[in-house]
Amino acid sequence: MDAVQGTLDELGTPLREVTFVVFDLETTGGSAAEHAITEIGAVKVRGGEVIGEFATLVDPGGPIPPFISVLTGITDAMVVAAPKFSEVLPSFLEFIAGAALVAHNAPFDMSFLKAACQVNGYPPPANPVVDTADLARRVLTRDETPNCKLATLARVFRSSTEPCHRALADAKATVDVLHGLIARVGSLGVHTLEDLRGFVRAPTPEQQRKRHLADGVPGRPGVYIFEDAKGEALYIGKSSNLRNRVRSYFTASETRSRIREMVGIAERVRTIVCATALEAEIRELRMIGATKPRYNRRSRFPERVVWLKLTDEAFPRLSVVREVKDDGAAYLGPFGSSRTADDARTAMHEALPLRQCTERLSARVRRPACALAEIGRCGAPCEGRESEESYARHVRRARHAMELDAEAVFSAMEARMSRLSAEQRYEEAAVDRDRLAAYVRTAARMQRLRSLTAIPQMVAASPAFDGGWDIHVIRHGRLAAAGVMPRGAHPTPYVDALVATAETVLPGPGPTPAASAEETECLLRWLDSPGVRLVQVDGTWSLPAYGAGRLIERIERAYRHQRGDRREGRPLR
């Protein structure tokens, strides 16, 4: 039989070819949110040889506590001329590029590194991380070492450097500990970086016993369903390669306690092969929403969304509802909760003098006005101060703000926040900021959804890995068909056949007439991905020229600088 070459994922990266950066940080305390880095030391090794070092003191920007100085020997005088970590960080990120990070009690050091990246505008390091403390707890017995402290392990593995709470010395000691641990686990079948990272949490006996459930799973895109003895769906997922994904549930790489528990209950794995990865993602969403497997957390209850409705009556008002009806009313949403919808409604009321009472009004029946009329927040149609014709102007503005242009609501809320900030009422301004964000984000999302759901049919294609094309038919924001066109084939017959066999979609009312908002957003993400080509579009795919999407960045900027804005009273512009 001919040998079959494994994939790179199956082979892994041999440890002798891995570049490790073993690093250590000295800090002013134990909290990344409250304390700062005073020293960083790192050693780069590959194949057992040291190929680089990185070490510097760091100015923490404040005094070093006396007990920290006693522990580390680092004093205020030593760091007074040292660079800030913001000056050190770019060089360190360059030093660790492409390497696996190693630290003793890695969560501590990584928390400070990630916090520093966030503060300085860098993405958190995506390097794989190995924790020598966790690895030692797995490999060594109590007879060999009473604990897994760095100083103890350095003696066990006869490190040439003694740890002394100085960053570079501790990093050098950790290098020797790492090499000693790698020598130990090599005899246990750990030969790759992936094996080393997964070794800390070995598969449970139940995972090992259930490995046969992955037998016969195809290496194709699709959906997998873990089922119990009664055939009830326990967990539903999707993958571009079903075989690799399902196998991973029975290995050390699966560390989620809930999923390990699920594997123990599962008796079979059923798979549904899909033409494309996008089809698999959509089928997963639909199946989770329909069957609500107990071990899935996301997408289980798409029906629990709520909407903000501009009612269709003599004097319309804004009402939070759970159902979109074909009643001629305007809708804004979907919202994830009634509280968020109420926040958006409050923001709209700041700009629009719509009535806020819940009674059904008539032009013939008069009622006493409430306090809102006295302070100019309502035109009091209940008392007849405002006719249906004059009130209709507010209704038109409200519909316009919900569907086309959010500027009126944004400007009114911005003016209110500026006034509150000037009066040093920062907490109230922050509440209004959250209300405005609920409105703007939802309006932008709905306008984006409607740009696709308004199109009766769209055909689009994306390049496949083998040189062919993945083709999808989308109708009213719902995936109606998916197929693959081989490399070099003429597209017309494939597109015509896919359109002819696509699902018939009869749209309902509202901004999401044929699918859940989550499904339509999934399709929009795919349409925005690199390489996608539009093949056919019935109608126009566009967004409102003055839509809420243009205000999103200003909202996000307000959150990024919320502390400074509250102190200085700056508006959102």
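Visitor: In this predicted model, which orientation do α14 and α18 take to each other, roughly parallel or roughly perpendicular?
Guide: Helix α14 (residues 338–351) and helix α18 (residues 426–453) pack at an angle of about 100°, with their axes 7 Å apart. Axes here are lines fitted to C-alpha atoms, for helices over the stretch in contact, and angles run from 0 to 180 degrees between N-to-C directions; helices (H or I, at least four residues) and strands (E, at least two) are DSSP runs, numbered from the N terminus. Angles under 35 degrees count as roughly parallel, over 145 as roughly antiparallel, 65 to 115 as roughly perpendicular and the rest as oblique. The relation of α14 to α18 is therefore roughly perpendicular.

Visitor: How many residues of the contact of α14 with α18 are nonpolar?
Guide: With contact meaning heavy atoms within 4.5 Å, α14 contributes Thr 340, Asp 343, Ala 344, Thr 346, Ala 347 and Met 348, and α18 contributes Arg 435, Leu 436, Ala 438 and Tyr 439. Ala, Val, Leu, Ile, Met, Phe, Trp, Tyr, Cys and Pro count as nonpolar, Asp, Glu, Lys and Arg as charged, and the others, Gly among them, as polar. On that scheme the contact has 2 charged and 2 polar residues, while the number of nonpolar ones is 6.

Visitor: What pLDDT do local features need?
Guide: Residues are numbered from 1 along each chain as its sequence is written, and side-chain values use heavy atoms, with hydrogens and water left out. Totals for chains, interfaces and linings use all residues and side-chain atom pairs count only at pLDDT 80 or more, whereas local features of this predicted model need pLDDT of at least 70.

Visitor: Which strands form the edges of the open sheet of 3 strands ordered β7-β6-β8?
Guide: This sheet has antiparallel pairing, where two strands pair if DSSP finds at least two bridges between them. Strand β6 (residues 222–227) pairs with β8 over 6 bridges, and one of its residues, Tyr 224, has Thr 271 of β8 as bridge partner. The strands that pair on one side only are β7 (233–239) and β8 (268–273).

Visitor: Which helix lies across β6, β7 and β8?
Guide: The twist of this sheet averages 20° from one strand to the next. The helix across the three strands runs at about 165° to β7 and spans residues 277–291, and its name is α13.

Visitor: Are both faces of strand β4 buried or exposed, and which residues show this?
Guide: Strand β4 (residues 100–103) pairs in the parallel sense with β1 over 3 bridges, and also in the parallel sense with strand β5 (residues 129–131) over 3 bridges. In a regular strand the side chains alternate between the two faces of the sheet. Buried means under 20% relative accessible area, exposed over 50% and partly exposed in between (1.4 Å probe, protein chains only). Both faces of β4 are covered and buried, with Ala 100 and Val 102 on one side and, on the other, Leu 101 and Ala 103.

Visitor: How many disulfides does the structure hold?
Guide: A disulfide is a pair of cysteine sulfur atoms within 2.5 Å. Cys 522 is buried, with a relative accessible area of 2%, and its sulfur is 12 Å from the closest cysteine sulfur, in Cys 274, which is too far for a bond. The number of disulfides in the structure is 0.

Visitor: What is the relative accessibility of Thr 28?
Guide: Thr 28 sits in the loop between β1 (19–27) and β2 (37–46). Leaving aside neighbours within four places in sequence, Thr 28 is in contact with residues including His 35, Pro 60 and Ile 68. Thr 28 counts as buried, its relative accessibility being 8%.
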